[in-house]
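Open the model in a viewer and keep a selection box at hand. The stops below go from ring pairs to backbone details, then to two single residues and the whole chain.

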Amino acid sequence: MAATRPDLLSRSQARRLVLRASGLDAPRPQRAVAGTRALQQVVDRLGLLQVDSVNVLARAHLVPVYARVGPWDVGTLDRATGRAPRRLVETWAHEASLVPAATFRHLAFKHAENRARIERRGDSMHGVPVGRSPEVARVRAVVDELGPVTAREVQTVLGGDGRRAEAWGWAWTDAKRALEHLFVVGELTSAGRNAQFERRYDRPDRVLPADVLAAPALDEATARRHLVEVAARAHGVVDVRCLADHWRTATAPTRTAVDELVEEGVLLPVEVEGWRGPLYRHRDATVPRRARGRTLLSPFDPLVWERTRTEALFGLRYRIEIYVPAAARVWGYYVLPFLLGERFVALVDLKADRRAGALRVHAVHRAPGPAAAAGTRLPADAEVAHELAAELWAVADWLGLSDVHVPADAAGDLVGPLTRALVPALV
């Protein structure tokens, strides 16, 4: 059978297709407060939400839901993860992530890979013996007896401070390190988090719903194909690197799964102007005539996870700069890209000052990007500022903040236009 030429998409078509796949191509639904159903729809669309403790604006896993459904009741997440039967569970996927309960079983091979990798590097985690060590055995026994439990509660049972002189990073206790090992290899999951955002560790058989536990085991090839299809559906147009990054899995077996899905017609080869391939689109992906969405995106949003893809599609070289020394930062500390239509038009350094009840804009820059295609135009600074001001007020309202404030020392070429735009937004 003769080979067929892949579909050819312009970069604009590819952007619109990707935004529709991600649920970002249209204005958010007009409703008072979204709930459980909207949360589930977002997770089903994206496959997972990356969990991170960063709380400069809001917890990192909360913002991708807001970006797609608008103001939502974050308490529904506590119910979905902390009460049986759980809709979502936490495990190691794209870093620590919330996934649909059934997906936990699909990640069994990844948990096994994590265990093998730890054993290869000497059976230790940050200098603390793990695997078959007595320390981990003791922690496992505490969880068996008392779970769900936090690392602090386990350390109390073990006794002592549990911190080591050579500790680095977050200076985890021995209990925390052992628990994280068991979490990474899939022996433990989370029964939810407490008010201090501490993970409450427990065994999967006490957390997962009965129907998930009763489902037959999956072979690795089937599980990999399923995960690759979920990632491809979430991204719309994608390369193997991005598919592997979605679940943080190895490239070679991901490529094998892609080849099998191409053979089955689930993935279709495609070419995109200015983006080196091979590239693939999910068979269900469609190109809307226009992208009309408007939202701020967390640095942990799946749309911008894989930075090379973000640059190829949107012309935006974007890096999170939290760990960059202040003098070396380009855009700011906690910077969110602002999506307007099919382009990122601004980069905004935000902080929720909860004590003062204000959303503070420490920097706002016009985002770099490709020139407008023939017959189209880029929005002027005043238009960007007007749309961004409306979005900032919406975010502030969702977070329970009563003011949006641009400090006198704010940086960026959009500070003036945004300051002027924020005043009419109050009327």
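Across the whole structure of this predicted model, a search finds four aromatic pairs. Select Tyr66 and Trp398 to begin: their ring centres are 4.7 Å apart and the planes meet at 20 degrees, so the pair is stacked, given that planes under 30 degrees apart count as stacked. This pair links distant parts of the chain, with Tyr66 in helix α3 (residues 63–69) and Trp398 in helix α15 (residues 381–398), 332 residues apart. Colour the two residues by accessibility. Tyr66 has 1% relative accessibility and counts as buried; Trp398 has 14% and counts as buried, because the term applies under 20%.

Next, select Phe314 and Phe344. Their ring centres lie 4.8 Å apart with the planes at 55 degrees, so this pair is tilted. Phe314 sits in helix α14 (residues 307–314) and Phe344 in strand β14 (residues 343–353), and the pair links distant parts of the chain, 30 residues apart. Phe314 and Phe344 are both buried.

For the last stop on aromatic rings, show Trp92, Phe183 and Tyr201 together. Ring pairs link these three residues into a cluster.

**Backbone: cis peptide bonds**

Switch to a backbone view. Which residue does a cis peptide bond join to Pro278? The partner is Gly277, and omega of that bond is about 5 degrees. Pro278 is found in strand β11, which covers residues 275–282.

Another cis bond runs from Ala84 to Pro85, with omega near -10 degrees. To place Pro85, display the loop between α4 (75–82) and β3 (88–93), where this proline lies.

**Backbone: positive phi**

Now select Glu95. Its phi is near 60 degrees, a positive value in a residue other than glycine. Glu95 has its place in strand β4 (residues 95–100). With a relative accessible area of 29%, Glu95 is partly exposed.

Then move to Arg248, which is not a glycine either but has a positive phi of about 55 degrees. Look for Arg248 in the loop between α12 (240–247) and α13 (251–263). Arg248 has 35% relative accessibility and counts as partly exposed.

**Asp25 and its surroundings**

Centre the view on Asp25, in the loop between α1 (11–22) and α2 (36–46). Is Asp25 buried or exposed? Its relative accessible area is 10%, so Asp25 is buried.

Which residues does Asp25 touch, not counting residues up to four places away in sequence? On the side of lower numbers, select Leu19 and Arg20, both of which are among them. The list also includes Pro288, Arg290, Ala291, Arg292 and Gly293. Add a distance label from Asp25 to Arg68: the C-alpha atoms of these two residues are separated by 9.3 Å, and the residues are 43 apart along the chain.

**Leu313 and its surroundings**

Return to helix α14, where Leu313 has its place. The relative accessible area of Leu313 is 0%, and this residue is buried. To show its contacts, leave aside the neighbours within four places in sequence and select Arg11, Ala14, Arg15, Val18 and Trp275. A label between the C-alpha atoms of Leu313 and Ser12 should read 8.3 Å, for residues 301 apart along the chain.

**The whole chain**

Zoom out and show the cartoon. The secondary structure comes to 16 helices and 16 strands. Along the principal axes, the C-alpha trace spans about 65 × 65 × 40 Å. The radius of gyration is 23 Å, which agrees with the value near 22 Å that a compact globule of 427 residues would have.

Colour every residue by accessibility. Buried residues make up 52% of the 427 residues. A surface view shows about 19400 Å² of exposed area, with carbon and sulfur atoms supplying 52% of it.

A contact map is a useful companion here. Of the contacts with a separation of 6 or more, 64% are between residues 24 or more positions apart.

To finish, colour by charge. The protein has 60 positive and 51 negative charges, and the mean positions of the two sets are 2 Å apart.

Conventions
Residues are numbered from 1 along each chain as its sequence is written. This is a predicted model: local features need pLDDT of at least 70, side-chain atom pairs count only at pLDDT 80 or more; totals for chains, interfaces and linings use all residues. Side-chain values use heavy atoms; hydrogens and water are left out. Helices (H or I, at least four residues) and strands (E, at least two) are DSSP runs, numbered from the N terminus. The radius of gyration is taken over C-alpha atoms; the globule rule is 2.2 Å times the number of residues to the power 0.38. Buried means under 20% relative accessible area, exposed over 50%, partly exposed in between (1.4 Å probe, protein chains only). Contact means heavy atoms within 4.5 Å. Accessible areas come from the Shrake-Rupley method with a 1.4 Å probe; for residues, only the protein chains shown count as cover. Lys and Arg count as positive and Asp and Glu as negative; His and the chain ends are not counted. The place of a charge is taken as NZ of Lys, CZ of Arg, CG of Asp or CD of Glu. Rings of Phe, Tyr and Trp (its six-membered ring) pair if their centres lie within 6.5 Å; planes under 30 degrees apart count as stacked, over 60 as edge-to-face and the rest as tilted.
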